[in-house]
Amino acid sequence: MTTTVTEQAAVRKESPGAADGPRRRPGRIRRIGLPYLLLLPALILELLVHLVPMVIGIVMSFKELTQFYIRDWGTAPWAGLDNYAMSVDFNAPVGEALLHSFLVTVAFTLLSVGLCWLIGTAAAISMQDTFRGRGLLRALFLVPYALPVYAAVITWVFMFQHDNGLVNHVLHDQLHLTDKPSFWLIGDNSFYALLTVSVWKGWPFAFLIVMAGLQNIPRELYEAAALDGAGVWQQIRRITLPSLSAVNQVLVLVLFLWTFNDFNTPYVLFGKAAPEAADLVSVHIYQASFVTWNFGAGSAMSVLLLLFLLIVTGVYLAVTSRGRRPADA
């Protein structure tokens, strides 16, 4: 009997994992759950800042929420799909205005993204070779991106003034390219003014991303291509652009989403009432919600804009990923 008890005690002493196993499990669970616990405040903040207003906006789009129900919007009657039907009825004034704003936004976004990418890529490629003052030029190129939006756009507002603006002074008084000073903040010229500010503000971001992507391309490829007789344009076409395909995929998508949703630039440039030629969807939705006090229709337009961007993003990612699979294989 004494021998059996002694043997069992010896076995327990030699295999401490059998007795300590249940005690170690809570500590392991705590170690695994610690990262999720640290992420919990950020997730809660994300829910409060983004998802909760999004859900409330979707609910508001199904209500007849006008200025008469602002005090207690929960009592607003349900409108069903009436707000959506009114927004997509292009024969009615509301739908026609929304369609015009959408087409203006599409044209503006395509031109802005294309010019930002082109200027940013050209600047990044030109900054690859080492020369005196390269660091200073790189820093100067990033100034428009580093400036606060309101400070930068307000500066452009003064430059676009009709009587004493710098733009008219250079184009009309110095270069004599126009017969008379132009109005840049009203009329058809407002589209070009908005495009100029958007490109000036957005191309440094493209320059920064492309410049970072160029650091991953081995210099030996350019040296071998030069030995084979390839010129500068052939090197850019055959080496630089294919190597930047993954970077450009993300860059173009981010620029598209930022530009299509841009509200600060047109709002600061033109105020609450943007000219018809520069009536972007973001400002149009703001006017439908906070100027005409029809929050139900404005919420419906916002949901339609969200669906459009989701569809475009999904199609873009599907097409670009399909085109990249053979190269990866």
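**Pockets in a predicted model**

Helix 9 supplies the largest share of the lining of the second largest pocket, namely four residues. The structure is a predicted model, and this briefing describes its two largest pockets. Rolling a probe the size of a water molecule over the atoms shows where empty space is left.

**The second largest pocket**

- The volume of the second largest pocket is about 370 Å³.
- This pocket is lined by 17 residues, of which Tyr145, Lys201, Gly202, Trp258 and Asp262 are the closest to its centre.
- Two or more lining residues come from each of helix 4 (93-126), helix 6 (143-146), helix 9 (189-214) and helix 12 (245-260).
- Sorted by class, the lining of the second largest pocket consists of nine nonpolar, six polar and two charged residues.

**The largest pocket**

- The largest pocket holds about 690 Å³ of space.
- Its lining is made up of 21 residues, and those closest to the centre are Ile285, Gly298, Ser302, Val303 and Leu305.
- The elements giving two or more residues to this lining are helix 2 (16-61), helix 14 (281-291) and helix 15 (295-328).
- Helix 15 contributes the most to the lining of the largest pocket, with eight residues.
- In terms of class, the lining of the largest pocket contains 13 nonpolar and eight polar residues, while charged residues are absent from it.

**The two linings side by side**

- Charged residues number two in the lining of the second largest pocket, whereas the lining of the largest pocket has none.
- The leading contributor is helix 15 in the largest pocket and helix 9 in the second largest pocket.

How values were computed: Residues are numbered from 1 along each chain as its sequence is written. This is a predicted model: local features need pLDDT of at least 70, side-chain atom pairs count only at pLDDT 80 or more; totals for chains, interfaces and linings use all residues. Side-chain values use heavy atoms; hydrogens and water are left out. On a 1 Å grid over the protein atoms alone, a cavity is a set of points where a 1.4 Å probe fits but cannot get out, and a pocket is an open set with protein on both sides within 12 Å along at least five of seven lines; lining residues have an atom within 4 Å of a point. Grid points are joined across faces, edges and corners, and a volume is the space filled by probe spheres set on the points. Ala, Val, Leu, Ile, Met, Phe, Trp, Tyr, Cys and Pro count as nonpolar, Asp, Glu, Lys and Arg as charged, and the others, Gly among them, as polar.
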